[in-house]
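Hi,

Here is the structure I promised to pass on. Have a look at it first, and my notes follow underneath.

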Amino acid sequence: MKTLLAFLFFIAAHVLSTGISPAVAEQNTPLEETRHNPDNIVHFILRNPRFKEPDRQMAIPAALFMDGIMPQEGGVDSGILLEVHWPDFSGHVADLAKNYVMILVITKNPDFSVEQVMKNFLQDDLAIPDAPLNLVQPQPIPEQVIPSDIMQVNNKLIWHLKYSNSQVYIDKAPYPSRIIRCTVKNNKTEFSSCSDTFFYKNLWFKVSYSRSYVAEWKKIEDTVKNNFDRYMR
């Protein structure tokens, strides 16, 4: 399982640092001339050749791909990175940098359950030990927006939660179906961010946004799912 998680987050780190996934690196080129055309739709297959899973036929507006990096028309990719404007879910708005929602999507190995992967994500990536979690209502933080309808991990023995400027929120234990991690920077909401990790239709989603939007996490999550229902054939 640790090998699986290491593989997932190697891909995630690579995509976030370069704006392009390993599968795309050799075959994709920026299509800046088509990115801003709202009628341009990219058709491709979302599939990891290492996993035994059916092809997902995808059709996504070119304007939504981060930095204009997108799969080739008719190509195959195991992960994509989108950047959309919130709340209208468009991709070429002047203030995108301020009102962005970043969506990383990676295929999940069907040999592992969602429960296994999410529990190991808590342990391996967030360094939360395999111990009973102390869940409390989200605690107020000066000058920061906090989520509702979710619980905060409040284990005092987890040093990085006690002494760092990060918070972890989950919906249930020990097998959460979503994990929201937020950071606090300079005690100001506008410099802070959150990421919501969840699975949908056997796809691994990491949705990142400004902390000012974390109170809308349910709406953002539902909007992402509804749009991907349209994108997947």
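Arg 181 stands opposite Ser 195 in β10. This is a predicted model, and that pair is a handy place to start looking around. The strands β9 and β10 pair in the antiparallel sense, over five bridges.

Both belong to an open sheet of eight strands, ordered β4-β5-β11-β10-β9-β8-β7-β6, with antiparallel pairing. At its edges are β4 (79-85) and β6 (135-136), each of which pairs on one side only.

Two helices lie across this sheet. α4 lies across β8 (166-170), β9 and β10, and runs at about 155 degrees to β10. Helix α6 (residues 217-231) lies across β4, β5 (100-107), β9, β10 and β11, at about 45 degrees to β10.

Now for the pocket I wanted to show you. The second largest pocket holds about 210 Å³ of space. It is lined by 15 residues, and those closest to its centre are Arg 181, Thr 183, Cys 194, Ser 195 and Lys 206. The elements giving two or more residues to this lining are α4 (114-125), β9 (178-183), β10 (193-200) and β11 (203-210). By type, the lining has seven nonpolar, five polar and three charged residues.

A word on confidence before you go further. The mean pLDDT of the protein is 79, with 74% of its residues at 70 or more. Over residues 1-35, pLDDT stays under 50, although the model has 70 contacts beyond four places in sequence for them. Where pLDDT is low, the predicted coordinates should not be read in detail.

Best wishes

Notes:
Residues numbered from 1 in each chain as written. Predicted model: local features only at pLDDT ≥ 70, side-chain atom pairs only at ≥ 80, totals over all residues. Heavy atoms only, no water. 1 Å grid on protein atoms, 1.4 Å probe; cavity = no way out; pocket = protein on both sides within 12 Å on 5 of 7 lines; lining within 4 Å. Points joined across faces, edges and corners; volume = space filled by probe spheres on them. Helix = DSSP H or I, 4+ residues; strand = E, 2+ residues; numbered from the N terminus. Nonpolar A, V, L, I, M, F, W, Y, C, P; charged D, E, K, R; others polar. pLDDT = per-residue confidence, 0-100. Contact = heavy atoms within 4.5 Å. Pairing = 2+ DSSP bridges. Axes fitted to C-alpha atoms, helices over the stretch in contact; angles between N-to-C directions.
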